[in-house]
Amino acid sequence: MDIFCKLHLFILSNIFIFEYSTCTKDFPPLKNDNLLRAARGEPVDRVPVWVMRQAGRYLPEFQEVRKQHDFFTVCRTPELACEVTMQPLRRFDLDASIIFSDILVIPQAFGMTVEMHAGVGPVFPEPLQTPADLSKLKPEGAVDRLSYVGDAITMMRHLLDGRVPLIGFTGAPWTLMGYMIEGGGSKTMSKAKAWLTDYPEDTKKLLTMLTTAIVDYLEMQVKAGAQLLQVFESSAEHLTKEDFLNIAVPYIKDIHDKLTQRLTSQSIPLVPMTLFAKGAGHSLKEQAALGYDIIGLDWTVDPEEARKEVGPNITLQGNLDPQDMYKTPEEIRSLVTDMVRKFGKTRYIANLGHGITPQTPIVSMEVLVDAVHKAL
Ligand code: CP3
C-alpha cells in the first residue's frame, strides 16, 4: 500500500471514529438483557418485569426527595433524576429502569408553564384556548431545551453499570395535545375533543408540531443512551375507535417511521419501541401494524385474545390491574402467576396495565417481581 493510500485510510478511519463517537457513547456491557431479548422475540432466562411509575410516591425515599425538591426540578437535575430512577432498583429485582421525567416536559419546552400540584397533578395556568394560541408556542429549539433529559440518560447508563437496560419515553401527540388544551388531567377531554371537530386544520397543525418535536426528542434520547423507547398514548381511552385510528394513530406511526429513518440515515442502531395506548384494546390488530416491537396493554385486555390479535411477531407488555396491588400477597401471587402463564415466556414483558398508584404497599411490588420470575 503506498503512502497516500495509507494516509487516506488513516483519515477515513478517523472520520469514522469521530462520527461514531459523536452518536454513540462507551457504556458498560449489559448484564441482564432479558428485556431487550423479549423485545426482539429471543429466548429469555426469565420473564422480564418492570412497572410503569416504578419511581414514584409509593416509595418513602421518593417522597423524601420530593419534600426537598419540586417535581420538575427533579426532572431537570440529572443527579436527582438518576437518584429517583435508581430507587426502585435498590429495592426490587427489576429487569429494566425507566428514566425519571414526565411526558409534559415537551409542552414546557414549547414555552408553556406546567406546574405539579400535590394531590391534583399537572396544571397549566395558561392552556391553549383557541387556535390563535398556537402562535405562542415555540417548537423551534425545543429539543435543545430538553437536553437535561439526555444528560440524565447518559449519567444513568453509567450509574447502572450494565445492570439492566434503560428505557426512554415520550407522550404521544394526542395525549400531549389533550393536556395542553385541558390545562391538566380531565375526565372528559371535552375541550380537546371540541378542537377535533371545531378546528380540524389547527388540530393537524398542533399534532404535526408535536410529532416533529417528539421525533427529535427520541433521537436525542437514543444518542444519549436510551436502549428502548416507550410512547405513552395514555389518553387514547377518551377516543372512539374511529377517532383513535384516524386522529391519533397516523402520528404514532409517523413517530416510528421518521425516527427509524432518522437513525438509519446516521447509521445509529435502532432500539426497540413500545406503544402503550391506554384504552385502545379495540385496535390491537391495527396497533400491531405500525412497526412498534412491543404493544403495551391495559388490564381490560385478555392476554390470550391480545396474542391472537397481534400475531406471533409482536411482544406484549402488561397488564395487571394496578388496583390488584392492594390485594393480599397470596392473591397477588396467584393473579400474577396466572397472567404470566397466559402470556407465556416468549415475546412477553410483565408490567402493570397502568402506573403504580401512590398507596401501593411495598410488599406488593416484592411479590409481583418474585411471582413473575417464578411463574414459568
Ligand atoms: O415510570 C416511571 O417511573 C418514570 C417516570 C414517569 C412519570 N410520569 C413520573 C411522575 C413517567 C413514565 C410518566 C409518564 C406520564 N406523565 C404519563 C403517561 C403515563 C400515564 O400515567 O398515563 C402521563 C399522562 C403523565 C402526566 C402526569 N404526570 C400526570 C397525569 C401526573 C399526575 C398523576 C399522578 O399520578 O399524580 C403526573 C405526575 C407524576 N409523574 C408523578 C410521577 C412520579 C407523581 C407526582 C409527584 O411526584 O408529585
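Which residues lie nearest the centre of the largest pocket? Those are Arg-53, Arg-57, Asp-102, Pro-122 and Tyr-179, out of a lining of 47 residues. Keep in mind that this is a predicted model.

**The pocket**

The largest pocket comes out at a volume of about 1500 Å³. Helix H3 (60-68), strand E2 (115-117), strand E3 (121-123) and helix H9 (173-182) are the elements that each give two or more residues to its lining. H3 supplies the largest share, with four residues. Sorted by class, the lining of this pocket has 22 nonpolar, 17 polar and eight charged residues.

**The cavity**

How many cavities of 30 Å³ or more does the structure hold? There is one, and its volume is about 30 Å³. Its lining takes in Ala-277, Gly-279, Ala-280, Gly-281 and Leu-284, along with Gln-287, Gly-296, Leu-297, Asp-298 and Val-301. By class, that makes five nonpolar, four polar and one charged.

**Helix packing**

Two packed helices are described by the angle between their axes and the distance between the axes. Here are the numbers for two pairs that involve H11.

| Helix pair | Axes come within | Crossing angle |
|---|---|---|
| H8 (residues 147-160) and H11 (residues 200-224) | 8 Å | roughly 25° |
| H11 and H12 (residues 241-265) | 9 Å | roughly 35° |

Start with H8 and H11. Their axes cross at roughly 25°, and angles under 35 degrees count as roughly parallel, so H8 and H11 are roughly parallel to each other. The crossing of H8 and H11 is right-handed. On the H8 side, the contact is made by Ser-147, Val-149, Gly-150, Ile-153 and Thr-154, while H11 brings Tyr-217, Met-220, Gln-221 and Ala-224. The residues of this contact split into five nonpolar, four polar and no charged.

Now for H11 and H12, whose crossing is right-handed too. H11 puts in Lys-204, Leu-207, Thr-208, Thr-211, Ile-214, Val-215, Asp-216, Leu-218, Glu-219 and Val-222. Across from them, H12 offers Ile-247, Tyr-251, Asp-254, Ile-255, Lys-258, Leu-259, Arg-262 and Leu-263. And what is the class make-up of the contact of H11 with H12? It has ten nonpolar, two polar and six charged residues. Among the charged ones are Lys-204, Asp-216 and Glu-219 in H11, and Asp-254, Lys-258 and Arg-262 in H12.

Technical notes: Residues numbered from 1 in each chain as written. Predicted model: local features only at pLDDT ≥ 70, side-chain atom pairs only at ≥ 80, totals over all residues. Heavy atoms only, no water. 1 Å grid on protein atoms, 1.4 Å probe; cavity = no way out; pocket = protein on both sides within 12 Å on 5 of 7 lines; lining within 4 Å. Points joined across faces, edges and corners; volume = space filled by probe spheres on them. Axes fitted to C-alpha atoms, helices over the stretch in contact; angles between N-to-C directions. Parallel < 35°, antiparallel > 145°, perpendicular 65-115°, else oblique. Left-handed = near helix turned anticlockwise from the far one by under 90°. Contact = heavy atoms within 4.5 Å.
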